[in-house]
Each structure stands twice: as C-alpha cells, then as structure tokens.
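Got the model open in your viewer? Let's walk through it stop by stop, picking something to select each time.

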Amino acid sequence: MNKWSRRGFIGAGLVGGTALVVGVAIRPGNPVGELAKNGAAREGEQLVNAWVKIGEDNVVTAIAPHTDMGQGALSTLAQMLADEMDADWDKMDVMSAPANGDYVGGDMARHFVAPGLDPGRWLEPTVDGIFQQLAGSMDLYLTGGSFSVRSTGQLGMRTAGAAAREMLVGAAAHEWGVPASEITTRKSRLYHAASGNEADYAQFAAAASRQSVPAKPKLKSIDEFELMGTSAVRLDIPSKVDGTALFGIDAQVPGQTMTYAAVLAPPVPGSKIATLDAAEARAMRGVTHVLNLGEFAAVVADSYWHAQQAANTLNATYTTTATDTLDQAGMFAMFDAALNEAGEDGGDGLVSVGDTKEAFAGAATKVEAEYQVPFLAHAAMEPINCTVWAHDGQVEVWIGTQSPLRCRTAAAEAFDVSVDDVTVHLLHMGGGFGRRSDAAMVTMAARIAKEVDGPVKMIWSREEDTQKAAYRNATTSRFRAGLDENGKPLSWDNIFLFHNDPADAAFVPYYDIPAQRVRAINDVELPLPFWAWRSVDHSQHGYFVESFVDEMAHAAGQDPVAFRLSMLGNSPRFATILKKAADMSGWGSTMPANHGRGVALVRSFNTIVAMVADVDMSSGSPTVKKVYCCADPGFAMNPDGFTAQIEGGIIYGLTAALYGEISIRNGAVEQSNFHDYQMLRMFESPDIVVEIINGAPDDIGGGGEPGTPPIAPAVANAVFNATGIRPRKLPLAGQSFSV
C-alpha cells in the first residue's frame, strides 16, 4: 500500500503544487448551488454551507466526509455539528458526503501534518486552502486512523456548525432589522426577545446560504457544551434494526438486469493464470461469461450462486514465483537472518536517546527477549463486493468503502475515463478494519464490467478473500534492556522488521528510561501483500513492548503495575489511568488457583488505554474471564459510542491474540474461512468494564482502534502470571501452557 506517513503527506503536497484552492467550507461565494448539483442536496433541501443542509421540515443534516462501517462516527460528527449550531437532536440527520473532490479531507491532512496549528483569522483561509489542495492531490476522503472525531470533528464539523449558526443569525438579523447580537438560538429555532420574532432554521436557510461564510466562527467552550460529551442516541441504529439500511452487497440497479461475478485468483502472490480449462463452467446453468484476465479469472452468471458454482469447476494452472516453496518456518527464519545480520548497530535508526550500549554494559541485570506475530486477515463479516455499470460514457460504482475517491480513481483508470465521468454510490460496510480502504475490488469489478453489458456485481468469496487479499504483516521484534541494582531501568534497545504506520508505534517516550534506541529493518521482502489492519503497527508493538516491560518487571522482582508507575513520573496522564485500571481490577488481591492477572498500557491514536485481563488457565489454554479498561481520549464526545468502540477493539484484538494466524505453505495461504480462521465466539467473550477519564479536552484522541493493542499483552502477561510460562509469540491458542 501507499504508506501513510508524515513524509508521504508532505511529499504529496509538494507534488500537488502550490496553487491555492480555498477550502470548501470557506470558498468565496459559498457555491452551495454547485455542490447541491453534485449530490449534496435533494429537492426541498437547502445547503447552508458545504457541510450543512436544512430541509423544509426543519431537519438539519450534517454532511460528513466519512463512511460507516459500524463504528458510529457519523453520528458523533453530527452531534458535534449540532451542538455548535444549536440544532435540535430530535430533528437531526447525517449523511456521507458525495464522492467527489469537493469533499476531500483537508482537515485530516492538516491534523496529520500540522496538529495544533493556529495561523490566526486572516491566514486561516490560506492555510485551509493549502491543506485542501494537499488532500485533493491524495484522494484523501478516508475513514480510518481513528481520525473522524479528532480531526474532521474538531476542525471541520464544529466549525461548520458554528458557521452555519452565525449565517442563520445574520440572515434573520437582516430580515428582522435587529442586531445579530440580540438573536438567540435553541433547538433549530431563532429568537429575538425584544420584538417577539421567532422562526425555524428552515425559514432562513436560503437567505443564510447567501451570507458570507465565516472563516473562523466562535466555537463553544467545554462548559457551554450541551450535546458534546453526552451519549446521544446514534442516528444509524433504526435503519439497521428495521433492515432498511443498505450495505454494499445489497446493491441493485433499478430498471436494469443484474449479472453477478465470482472470481478465482492464483494462490501465490505475484503469480498469473498460465492455462484455464473452463469447458465445464461455460456449460453450467446461468453462466454468460468466463473471463481469463491474467491476474484472475471471473465467471459471470445470472445469479451469484450460479457464478460461484461455475467458478468452483475452473481448472487453472499458474506461473511460478520466487516464493512458491516458502513456508511459515522459512519465513521466520528469513526474519531471524535479517535481524542477525543487522546485529547491534544495523537497521534504520528511529529513536536514539543516551548511550544504550554503555548503559547496558554497566547494568546489574540484563533482560533480552524476542517476539513473533503472524500475518492476520481482516475478516470483515460482509464479503468484499463491488457493483459496476458502464453506460453512455459514464461509469457508476456501488460500494461500501473506507476510501470513496480511491474507488473513483480506480474505476476511471480501468475504463480510461476522467474521474468526472465516474459516480460512486456509497453504501454501508459490514465491517472494514482497514480492508475496505483498498480499491483493488473496484479494479477487479471494473475489469469484469468492461466485458459485460449492464451492471455486474462482483462478490469476492470469503475463501478467495482469506487466501488472496492483503494482510497485517508478520514480523519479529527483539529487545535488550539493562537494570541497575535496584531494578531501575537504565537502557532500552529494540529492533524489529517492517516500519509502517503510525511511525511512532514502537516508541516509549512516556517511560522514564534514560537510554533508548529503536531501530527497524525494511529491506526484507514479505511473501504476502501488506495492508493496514485495525490499529496498524500499534497492534504488534503494543504486544511486543508491554510483554517486554512485564519481563523487565519480573527480572527486577517488582509488581508489574508498581514497576510501570516507577517509570511514569513525567507522564501523569498515563499514571492516572494505570492506577485506575489497577483499582478497577482489584489488582493485588488473591486470585483463584490457575488464574492469572496481566496488565498493559498503550497509547495509540492519541488515546491512552490501560487494561487488566483476568485469565483462567485451568484447561491449559487461556480463557479470558474479565477485562478492566480505563481509557483517556482527552475528551469523549459520545461516551457510550466511545465505550462501544473500545469494547469492539478489545474483542477484535482478543480474537487475534487467541486465534489469529494466516500461515503459508508453498507460498500460499493455508486458511480459507471461519472454520480455520477462528473468530471469538459469544460464549468466549469476557465481561468488559470500561471507564473513561477526560484528561485533556483540548487534545482529544480516537476511539475506533485504541482498544485493540493492549489486550494481547494484558492476556499474555496474565498467562505468565498464572503459569510462569512467558508467551513470546501469537496466537496463544494451540501453545502448551501446563499448569
């Protein structure tokens, strides 16, 4: 994948040029008519600015540049806009912004490159325009990285809501002939006490749209929040309960005869189809096309069942690759060889504080350990799918995606047309976890659609997607640490393979260790493609770092919580939530026989999470009974939604910790579906208790991913606590932990 890095952002901005394109929300003239034509508004709705529209029924709709994969972020974004706008939550709605360049995430680009930048009122439009240009050059309309609330919400939706309110007040003041300062707003209505005038927002929506858009409207202070910080009911729940919500796999094109495609790709990445015997498939019921497209074959039929049954009969041979004989053990041996070759000084230096060699040489106690994690699949519940129809010089795409503009570009490139000739219809996602930020499914569906008349829905079967997609990478990480005679850490040296994103996932600046060095090796070829997976590199380094800290505590002869607290003197927010999680769990109390308790502390996506897991090892394999979690996101905009995200992250991470493994044999993935790529069952799910501490309201973090990284080390440390056996590789299920 194209790496998401700060360097990448800056580089893309330079490539994109320096011409100023003023951001959507503050573009001169507020071209809401143009935006409405591009799908932002329907008849009877008036755009006030790019992110807000008001219906004749006084329903206010927030237009968010994000999509829904079940996380509920769109509702929280609407909540932030509604609070600043004084909108009535009972008459509030939210929609994903149309998939066109007007709605790229300039706010996200700005948050990533220059968080906290405040250029002042006069330079604000220029800065906004630069980042809008940068985002446009990258097709940056993305749902991921736990960015929605902390970037789009804080920088975009709140500003848009406050601006809309000021524009409505301005329009009413002009109409009523009164000072704007005398007008108040509440629950989507305007009031002027002296004259007795009052009106719905809808009455002034059109006039408001002709007002100048304030570049930097006044935002509420935290003590003025009415909706932000409350557990407002999610707006998407009713349609998901009554079944009217449409997911990508539900796509139908009214008035058109649909066809359906199933695909078969070579088992080893980099291979192509050498020969294809399709005689049996062509003769099967409903089959209209059998296509050999080189990188994959496709069967098109009048139903998906017919297409998949025919695809199952395809007899293909494949070209050879350099990894045709590689297996799992060989891959980790390759990793070990790279680490051995790097030695004490190799790899790319990422962190260098103090003299780790000198500190390690003079240490009274030395600790060394190596950890491994395997490839992981995303395993979204809804199979990957995409519907494409090319007609009349236009291309239409129906899809649930985390990255609409990447999909638009992929379709345009496949058909060799302008992106302006591509329309992407956005639908819900049945899970994403990073998998649906890829646009490969659009390219595949578009290549099939080029050969077919009418709309074709490609469904990538779970077996094909499990075996032939892209994965969280496998890797190995090695540590060395030195402690003084009192068990105080002196040095920290860590080297690992594959440095992706976030760039600081392996760093531990909050731990007071005077000499720290972190290095990475990137010039080793992965046998399977890599793609971002929930919490990205934090999911691996959270396990590595917090397992090794536990090993250090054991070597020092200290309690794991007390040992961590001894290193957090300069990080009071970390210390506060660690103490809280320990208190919640009854840390230090006696456990039943064969039970263990483990702790972990990880900051990811600007949210600090401390977790304690209670584990029963009576069966020789971990059964996680309870998880206590304390999280500090700075400020939880919707505590119930944030808690749900943390709980979801824990279940997702626990599944991976216990069972997750994509292994290779002869260069191909061995697993194929949920029967051999196991998910956590409901009866296995632990009780989860979540507490939130709002530790820094002006510096908020994300919620979708930070629950995932700490669970694996918390459980692994609990296994050690119960058994005395240190798990240094994942998954835990299948390993021998005799008690």
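## A tail-end start

Select P731, which sits in the segment after α20. Keep in mind that you're looking at a predicted model. Now look at the bond leading into this proline: the peptide bond from L730 to P731 is cis, with omega near 5°. Most peptide bonds are trans.

There's a second one to visit. Jump to P502, in the loop between β20 (489-497) and β21 (515-521). The peptide bond from D501 to P502 is cis as well, with omega near -10°.

## Into the cavities

Go back to L730, because we can use it to find an enclosed space. Which residues lie closest to the centre of the second largest cavity? They are R472, S539, A656, A712 and L730, out of 15 lining residues. Select those five and you're looking around a space of about 100 Å³.

Next, colour α19 (639-658) and α20 (711-723): each of them supplies at least two residues of this lining. The largest share, 3 residues, comes from α19. Sorted by class, the lining has 10 nonpolar, 4 polar and 1 charged residues.

The structure holds 4 cavities of 30 Å³ or more, and the largest has about 120 Å³ of space. To get there, select H378, A379, A380, D465 and T466, which lie nearest its centre among 18 lining residues. Helix α15 (residues 462-468) gives the largest share of that lining, with 3 residues. The classes here come to 11 nonpolar, 3 polar and 4 charged residues.

## An open pocket

Now for something open. Select G39, M95, S96, A97 and L426: of the 43 residues lining the second largest pocket, these are the closest to its centre. The volume of this pocket is about 1200 Å³.

Which elements should you colour around it, each supplying at least two residues of the lining? Pick α2 (32-40), β2 (52-55), α3 (73-85), β4 (92-96) and β17 (422-426). β17 gives the most, with 5 residues. As for the make-up of the lining, you'll find 19 nonpolar, 14 polar and 10 charged residues.

## Along helix α18

Select residues 572-585, which make up helix α18. Try a distance between its end C-alpha atoms: they are 20 Å apart, and that agrees with the expected span, because 14 residues at 1.5 Å a residue should cover 20 Å.

Then show the side chains of F574, A575, I577, L578, A581, A582, M584 and S585, which are buried. An α-helix has 3.6 residues a turn, so residues three or four places apart point the same way. What do the buried residues of α18 pack against? Add α17 (560-565), β22 (595-604), β23 (607-616), β24 (623-632) and β27 (687-692) to the view, and you have the partners. Just past the helix, G586 takes a positive phi of about 70°.

## A buried isoleucine and two cysteines

Return to α19 and select I646, which is found in this helix. Is I646 buried or exposed? It counts as buried, because its relative accessible area is 0%, below the 20% cut-off. Leaving aside neighbours within four places in sequence, I646 is in contact with C629, V690, G703, P706 and G707. For a sense of scale, select Q309 too: I646 and Q309 are 337 residues apart in sequence and 40 Å apart in space, C-alpha to C-alpha.

Follow the contact to C629, which is buried at 0% relative accessibility. Its nearest cysteine sulfur, that of C630, is 7.0 Å away, and C629 is in no disulfide. C630 is in no disulfide either, and this cysteine is also buried, with a relative accessible area of 0%. The disulfide count for the structure comes to 0.

## Two unusual backbone turns to finish

Most residues other than glycine have a negative phi. What is the phi of D392? It is near 55°, a positive value in a residue other than glycine. Find D392 in the loop between β15 (384-391) and β16 (394-399), where it counts as exposed at 73% relative accessibility.

Last stop: N606, in the loop between β22 and β23. N606 isn't a glycine, yet its phi is positive at about 70°. Show the surface here and you'll see a residue that is partly exposed, with a relative accessible area of 25%.

Methods:
Residues are numbered from 1 along each chain as its sequence is written. This is a predicted model: local features need pLDDT of at least 70, side-chain atom pairs count only at pLDDT 80 or more; totals for chains, interfaces and linings use all residues. Side-chain values use heavy atoms; hydrogens and water are left out. On a 1 Å grid over the protein atoms alone, a cavity is a set of points where a 1.4 Å probe fits but cannot get out, and a pocket is an open set with protein on both sides within 12 Å along at least five of seven lines; lining residues have an atom within 4 Å of a point. Grid points are joined across faces, edges and corners, and a volume is the space filled by probe spheres set on the points. Helices (H or I, at least four residues) and strands (E, at least two) are DSSP runs, numbered from the N terminus. Ala, Val, Leu, Ile, Met, Phe, Trp, Tyr, Cys and Pro count as nonpolar, Asp, Glu, Lys and Arg as charged, and the others, Gly among them, as polar. A disulfide is a pair of cysteine sulfur atoms within 2.5 Å. Buried means under 20% relative accessible area, exposed over 50%, partly exposed in between (1.4 Å probe, protein chains only). The expected span of a helix is 1.5 Å times one less than its number of residues. Contact means heavy atoms within 4.5 Å.
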